[in-house]
Amino acid sequence: AAGIEGAPSPFDKGGVKIALISYISAGDFFQSYQAGAKAQANQLGIDLRIFPGKQNAAEQREQIQQAINLGVKGIVIDHGLPESIGDVVQQAVDAGIKVVAFDVNLNNPAVPQVEQSDHELARLALEQAVKDNGGSFKAGYVYVAGFAPLDRRNETWEKFKSENPAVVEKARFGVVSDTTATSTSDQAKAAFTANRDIKVVFAPYDEFARGVKLAARDLGIADKVKIYSADVSTADIQEITEDGSPWVATAATNPAVVGAVSIRAVALKVAGADVPLQIVVKPVLLTQTALREAGVKTIEDLAAKLPSFSTSDAVTADWIPAKLF
Ligand code: SR1
């Protein structure tokens with residue numbers, strides 16, 4: 001890959017090897033995240049090595065070791081379980097490799113973390129739930145502990161419940177696997193069947209929301225429940241806006257932008273620039289009503305209507321092209 005004129009070393013020469021090591025690659029969010037990372041890497045002449053995630057902690061650990069042996073200059077760790085990778089990440093840092101994490105708390109002062117302001121994201125979705133349903137309802141909640149973004153969103157859910165004592169969590173369930181939506185759907189069916197008074201489901205991951213929607217449709221109760229989620233993709237927009245959909249709002253960033261920001265952060269570190277320890281990409285609230293009224297059918301439509309959705313001014317520099325796509 002060609003170097004960039006006027007860029008600091010080593011980006012002036014091009015071909016800088018960077019590894020993107022994911023814990024999860026399946027699903028719209030992660031595919032779009034990787035597409036954004038690739039697009040930004042291409043613009044910076046980076047030789048990006050993508051290690052696909054298979055929800056396997058041992059494999060992710062091994063991939064970090066492989067990246068160290070490949071002689072990469074930087075590594076982006078996209079999700080993961082801190083307890084299984086913390087020591088190999090430290091090995092990378094000790095070898096002089098610049099590391100950036102996305103949505104995994106490595107508690108390492110040498111490793112900045114990119115995140116989507118998960119507290120705000122959860123707050124936006126829950127405020128909409130109160131607007132639509134009032135402050136008193138029986139809820140289902142989808143959560144799997146151990147994933148940094150879900151843990152942060154959970155902090156907001158717990159705070160929300162303590163501030164809204166008439167919101168009662170009747171069932172808690174969730175699975176993160178290579179079949180997240182269908183496995184969550186099976187659990188949602190059991191939860192709905194045992195708790196017929198659940199009217200609102202907080203499902204702060206689009207694969208969770210998709211599973212809950214499937215369960216509601218299969219049980220014939222799609223007109224009796226409302227789903228509030230995180231994340232957005234073209235497929236999500238179609239599911240949200242279709243006739244009779246119970247999925248009524250989501251709070252989301254553009255995952256491609258988050259991928260691009262992750263690459264920029266590691267590139268800046270490789271170039272010797274200072275990068276803040278916490279790098280935030282802000283979410284927006286997208287309601288079913290607003291999407292329908294604006295005729296938004298795809299992520300591209302959304303970006304056209306909401307220009308701020310396609311850009312982030314987080315971690316940038318004059319030698320980094322401002323426009324991603
Ligand atoms: C299993 S964690 C899933 C979440 O990671 C990213 O933060 C996405 O927003 C998704 O909701």
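Two strands are taken to pair if DSSP finds at least two bridges between them. Helices (H or I, at least four residues) and strands (E, at least two) are DSSP runs, numbered from the N terminus. On this basis, strand β4 (residues 98-102) and strand β5 (residues 113-115) pair in the parallel sense over two bridges. Phe102 has Val114 of β5 as its bridge partner.

The structure is a predicted model, in which local features need pLDDT of at least 70 and side-chain atom pairs count only at pLDDT 80 or more, while totals for chains, interfaces and linings use all residues. Residue numbers start from 1 along each chain as its sequence is written.

**Domains**

The protein chain is divided into domain 1 (16-115 + 254-282) and domain 2 (118-252), with bounds from an automatic or database domain assignment. The centres of the two domains, taken over C-alpha atoms, are separated by 29 Å. Their contact takes 13 residues from domain 1 and 16 residues from domain 2; two residues are in contact if their C-beta atoms, placed from the backbone, lie within 7 Å. On the side of domain 1 that touches domain 2, the largest share, three residues, comes from α1. By class, that side has four nonpolar, five polar and four charged residues. Here Ala, Val, Leu, Ile, Met, Phe, Trp, Tyr, Cys and Pro count as nonpolar, Asp, Glu, Lys and Arg as charged, and the others, Gly among them, as polar.

**The parallel sheet**

Six strands form an open sheet with parallel pairing, in the order β2-β1-β3-β4-β5-β11. Because β2 (46-51) and β11 (278-280) stand at the edges with a single partner strand each, one side of each is left without a neighbour in the sheet. From one strand to the next, the twist averages 20°.

**The mixed sheet**

A further open sheet of six strands has mixed pairing and the order β7-β6-β8-β9-β10-β12. Its edge strands, β7 (167-173) and β12 (284-287), each pair on one side only. Neighbouring strands of this sheet are turned by 20° against each other on average, direction ignored. Within it, β6 (residues 137-142) and β8 (residues 200-203) pair in the parallel sense over three bridges, and the bridge partner of Gly140 in β8 is Val201.

**Helices on the sheets**

The table lists helices that lie on strands, with angles that run from 0 to 180 degrees between N-to-C directions; axes are lines fitted to C-alpha atoms, for helices over the stretch in contact.

| Helix | Strands touched | Angle |
|---|---|---|
| α1 (residues 28-43) | β1 (16-22), β2, β3 (74-78) | about 160° to β2 |
| α9 (residues 255-270) | β1, β2, β3, β4, β5, β11 | about 160° to β4 |
| α4 (residues 118-133) | β6, β8, β9 (226-230), β10 (247-252), β12 | about 165° to β9 |
| α6 (residues 180-194) | β6, β7 | about 140° with β7 |

**A helix pair**

Helix α2 (residues 57-70) and helix α3 (residues 82-94) pack at an angle of about 5°, their axes 9 Å apart. The angle therefore makes α2 roughly parallel to α3, a term for angles under 35 degrees, with over 145 counting as roughly antiparallel, 65 to 115 as roughly perpendicular and the rest as oblique. Residues making the contact include Ile64 and Ile68 of α2 and Val88 and Val89 of α3. The contact residues divide into seven nonpolar, four polar and one charged.

**The ligand shell**

Around the ligand are Phe29, Asp103, Gln116, Phe147, Pro149, Leu150, Val176, Tyr205, Ala230 and Asp231; a residue is near a molecule if its C-beta atom, placed from the backbone, lies within 6 Å of it. This shell divides into seven nonpolar, one polar and two charged residues.
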